[in-house]
Amino acid sequence: PGEVVKRKVLGTVEAFEKESILGVMSAVSRRYSDQWGFDYETLGGNLHRVMGEYDDLDVDLVFGEVAASDAEVRVVLEFVVSGRYDGTRENVVGSGPEPCTAVLVWRKEQPGWRLASTADLDIPELREELEARRPR
């Protein structure tokens, strides 16, 4: 399951870079939820906003540990997202010296593996906002 989910992650990143909201959201569980209060709809809204603001999106992605069972796969990632805004290329989130990190939780659903939650997330530019959203 770990290799299957890694391929799904890569396919989802490719869809993001092509600015295909449907391609990205097809990998997300309709029951997605996380500790910051995001769900399927809010993820889609955030994607729509980023894709509307930036062109030529690019994700520099590094896989870390992958922990797999029959029903769940946890994937550790480091990533930097860049894009073009008003004709200028810039980092959207993360940077080389300080990349974003995430632990994504994928679960087996019908018809396949779907992103079900995010167990941990650090986006340097959004640390305060994410911390404020985290339940106490």
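In this predicted model, the largest pocket holds about 1,100 Å³ of space. Its lining comprises 37 residues, and Phe16, Leu43, Leu47, Phe79 and Ile123 are those nearest the centre of the pocket. Helix H3 supplies the largest share of this lining, with 6 residues.

Helix H3 runs over residues 40-53, and its 14 residues should span 20 Å at 1.5 Å a residue; the C-alpha atoms at its two ends lie 20 Å apart, in agreement with that expectation. Five named positions of H3 are buried, namely Tyr40, Gly44, Leu47, Val50 and Met51. These residues are on the same side of H3, because they cover an arc of only 130° around the axis. Such an arrangement can be read against the geometry of the α-helix. With 3.6 residues a turn, residues three or four places apart point the same way. Glu41 and Gly52, on the other side of H3, are exposed. The packing partners of the buried residues of H3 are helix H1 (2-17), helix H2 (21-25) and strand E1 (55-68). Leu47 thus appears in two settings: it belongs to the buried residues of H3, and it is listed with the residues nearest the centre of the largest pocket. At the start of the helix, Asp39 places a side-chain oxygen within 3.1 Å of the backbone nitrogen of Glu41.

The loop between strand E4 (100-108) and strand E5 (113-122) contains Glu109. This residue has a relative accessibility of 16% and therefore counts as buried, the cut-off being under 20%. The side chain of Glu109 makes a polar contact of 2.6 Å with the side chain of Ser29. When residues up to four places away in sequence are not counted, Glu109 touches Ser29, Arg31 and Arg114. Pro111 is also placed in the loop between E4 and E5. The peptide bond leading from Gln110 to Pro111 is cis, with omega near 10°.

Two further loops contain residues with positive phi. In the loop between H1 and H2, Glu19 has a phi of about 60° although this residue is not a glycine. Glu19 counts as partly exposed, at 29% relative accessibility. Asp86, in the loop between E2 and strand E3 (88-93), is likewise a residue other than glycine with a positive phi, near 50°. Its relative accessible area is 70%, so Asp86 is exposed, given that the cut-off for exposure is over 50%.

Tyr85 is located in strand E2, which covers residues 72-85. With a relative accessible area of 36%, Tyr85 is partly exposed. Apart from residues up to four places away in sequence, Tyr85 touches Glu53, Tyr54 and Glu90. Of these, Glu53 falls within the residue range of H3, and Glu90 within that of E3. Tyr85 is separated from Val5 by 80 residues in sequence, and the C-alpha atoms of Tyr85 and Val5 are 31 Å apart in space.

How values were computed
Residues numbered from 1 in each chain as written. Heavy atoms only, no water. Helix = DSSP H or I, 4+ residues; strand = E, 2+ residues; numbered from the N terminus. Expected span 1.5 Å × (residues − 1). Buried < 20%, exposed > 50% of the residue type's maximum accessible area, 1.4 Å probe, protein only. Arc of directions from axis to C-beta. Contact = heavy atoms within 4.5 Å. Polar contact = N/O pair within 3.5 Å; in protein donor to acceptor, adjacent residues only side chain to side chain. 1 Å grid on protein atoms, 1.4 Å probe; cavity = no way out; pocket = protein on both sides within 12 Å on 5 of 7 lines; lining within 4 Å. Points joined across faces, edges and corners; volume = space filled by probe spheres on them.
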